[in-house]
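Please look over the sequence and the model shown here; the report that follows takes up a pocket and two residues.

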Amino acid sequence: MTPAYEELPFSELLHHPAATAQRLDTVRALRLRRRDAGDLALMRVDQLERDTAVVDFTSRLLAGLVRTENTAALRQVLPEALPWSTFLPPEDVDAMLTELVDTARGAAALKELTPIALLLARWRHSAEIYADPAPLSILTREPDGDLGPATAPEVSG
């Protein structure tokens, strides 16, 4: 199996473009490190299309499992795919699965993975709160005393 990616400085691509591109014969992608900006990834279009096909398949599979009301199977394998999900309450696991299926379906249709990554990050942060008793108690306790009158929302128009 080929490595997922190889790291090299962005300048390598600038100074030796053909040799750098040829490295894609042995790795799936290249991670190009930049000093003053975010890293870039370089990959072949056929690899990107294969990755997209896998995401599309996975989202349809998840949607099919939920549609056939086979959420028990999803719940059973979820801790293997997302170990931190064990810290979420059962009702939140159900909500996450529903959101994940809907988001994955939409992301696959758009060929854009960012919404899935953002959704997983938000749920992972929720699991982090549930896993640590200190922030959980702060966020779930009733406030002390009267917090005063609520201000009316501004009406735009």
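## Pocket lining and helix H5

Helix H3 gives the most to the lining of the largest pocket, with eight residues; helices here are DSSP runs of H or I with at least four residues, numbered from the N terminus. The model is predicted, so that local features need pLDDT of at least 70 and side-chain atom pairs count only at pLDDT 80 or more, while totals for chains, interfaces and linings use all residues. Residues are numbered from 1 along each chain as its sequence is written, and side-chain values use heavy atoms, with hydrogens and water left out.

This pocket has a volume of about 310 Å³. Of its 16 lining residues, the closest to the centre are Thr58, Ser59, Leu62, Ala104 and Ile116. A pocket is an open set of points on a 1 Å grid over the protein atoms alone, where a 1.4 Å probe fits, with protein on both sides within 12 Å along at least five of seven lines, and lining residues have an atom within 4 Å of a point. The volume is the space filled by probe spheres set on the points, which are joined across faces, edges and corners.

The elements that give two or more residues to this lining are tabulated below.

| Element | Residue range |
|---|---|
| Helix H3 | residues 45-67 |
| Helix H5 | residues 90-110 |
| Helix H6 | residues 114-131 |

Helix H5 also holds Val101, which counts as buried because its relative accessibility is 2%, the cut-off for buried being under 20% relative accessible area with a 1.4 Å probe and protein chains only. Asp92 is likewise found in helix H5.

Key
Buried < 20%, exposed > 50% of the residue type's maximum accessible area, 1.4 Å probe, protein only.
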